[in-house]
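The questions below walk through one protein model, and each answer reasons its way to the name or value that was asked for. Please keep the sequence and the structure in view while reading.

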Amino acid sequence: MRRALVDGQHPFAVVLGCVDSRVPPELVFDQGLGDLLTVRSAGEVLDEAVLGSIAYGVLELGVPLIVVLGHQGCGAVASAVHAEAGGELPAHIRYLADRIRPAIDHRLQGEARIDAAVTENVRRVRARLADEPDLAARVADGRLAVVGARYELTSQRVRKVP
């Protein structure tokens, strides 16, 4: 398979997932070399490098699907929730927390707040990707789908996030 991929790649999806070592997209989706273009950042946080990597997959490789994959027990989301309660974070982790913060539902408490923020963060990142100028035209004409999903560590199942 590695030799067959020397001349090029044709992944069928770009997966934006978390850096969490328990959630490697190739294993979660039971895929092999060349099947997925994976981009990972803590909490699926978007920055220019992440956006550029996703755009490369869509615009240069013609990938027709982006999956934003959040997961149960996300430490980056938990850090953002705890920071809202007055916790101090190192500068680079604060950067992540600041981007995740809009997904936090202040009506909830404890683990329910973290769990809901994981799902809402996926929704927000998915929506932002779908609205990116370089990607929006492809979404509008049906050449690109952008979906949200969530991996449950306890059941090892993936479910679509509406």
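Q: Which residues are exposed on the other side of H2, away from its buried residues?
A: This is a predicted model, and in it the buried residues of helix H2 are Val50, Leu51, Ile54, Ala55, Gly57 and Val58. They cover an arc of only 155 degrees around the axis, which puts them on the same side of H2. The residues exposed on the other side of the helix are Glu48, Ala49 and Glu60.

Q: Against which elements do the buried residues of H2 pack?
A: Helix H2, made up of residues 48-60, lies across E1, E2 and E3, and its direction is at about 170 degrees to that of E2. Besides strands, the buried residues of H2 also meet helices, and the full set of elements they pack against is E1, E2, E3, helix H5 (110-131) and helix H6 (133-140).

Q: How many Å does H2 reach from its first C-alpha to its last?
A: H2 has 13 residues, and at 1.5 Å a residue a span of 18 Å is expected. The span found in the model is close to that expectation, namely 17 Å.

Q: Which strands are the edge strands of the open sheet?
A: The sheet is built from five strands in the order E2-E1-E3-E4-E5, with mixed pairing. An edge strand is one that pairs on one side only, and this applies to strand E2 (36-40) and strand E5 (157-161).

Q: By how many degrees are neighbouring strands of this sheet turned against each other on average?
A: The strands in question follow one another as E2-E1-E3-E4-E5 in an open sheet. With direction ignored, the average turn between neighbouring strands of this sheet is 30 degrees.

Q: Which residue in E3 stands opposite Leu16?
A: Strand E1 (residues 13-17) and strand E3 (residues 65-71) run parallel and are joined by four bridges. Across this pairing, the residue in E3 that stands opposite Leu16 is Val68.

Q: Do E4 and E5 run parallel or antiparallel?
A: E4 and E5 form a hairpin with four residues between them, and in the turn Gln156 has a positive phi of about 60 degrees. Tyr151 stands opposite Val158 in E5, and the bridge partner of Gly148 in E5 is Val161. The two strands are joined by five bridges, and their relative direction is antiparallel.

Q: Which residue in E4 is the bridge partner of Ile66?
A: E3 is joined to E4 by seven bridges, and these two strands run parallel. Within E4, the bridge partner of Ile66 is Val146.

Q: How many of the eight residues of E4 are buried?
A: Strand E4 covers residues 145-152 and includes Glu152, and Glu152 is itself buried, with a relative accessible area of 14%. E4 is largely enclosed by the rest of the structure, because the number of buried residues among its eight is six.

Q: Which residue meets the side chain of Glu152 in a salt bridge?
A: Leaving aside neighbours within four places in sequence, Glu152 is in contact with Gln72, Arg157 and Arg159. Glu152 counts as buried at 14% relative accessibility, whereas its salt-bridge partner is partly exposed, with a relative accessible area of 39%. The side chains meet at 3.5 Å, N to O, and the partner is Arg159.

Q: In which helix do Asp98 and Arg94 both lie?
A: The side chains of Asp98 and Arg94 meet in a salt bridge, at 3.6 Å from N to O. Asp98 is partly exposed, with a relative accessible area of 30%, and Arg94 is also partly exposed, at 24%. The two residues are four residues apart, about one turn of the helix, and that helix is H4 (residues 91-100).

Q: Which residues are linked with Arg94 and Asp98 in a network of salt bridges?
A: The salt bridge between Asp98 and Arg94 spans 3.6 Å, N to O. Joined with these two residues in a network of salt bridges are Glu84 and Arg101.

Q: What is the relative accessibility of Arg107?
A: A search of the whole structure finds 11 salt bridges, including one between Asp105 and Arg107, whose closest N and O atoms are 2.8 Å apart. A residue counts as exposed over 50% relative accessible area. Arg107 counts as exposed, because its relative accessibility is 72%.

Key. Residues numbered from 1 in each chain as written. Predicted model: local features only at pLDDT ≥ 70, side-chain atom pairs only at ≥ 80, totals over all residues. Heavy atoms only, no water. Buried < 20%, exposed > 50% of the residue type's maximum accessible area, 1.4 Å probe, protein only. Contact = heavy atoms within 4.5 Å. Salt bridge = Lys/Arg side-chain N within 4 Å of Asp/Glu carboxyl O. Pairing = 2+ DSSP bridges. Axes fitted to C-alpha atoms, helices over the stretch in contact; angles between N-to-C directions. Expected span 1.5 Å × (residues − 1). Arc of directions from axis to C-beta.
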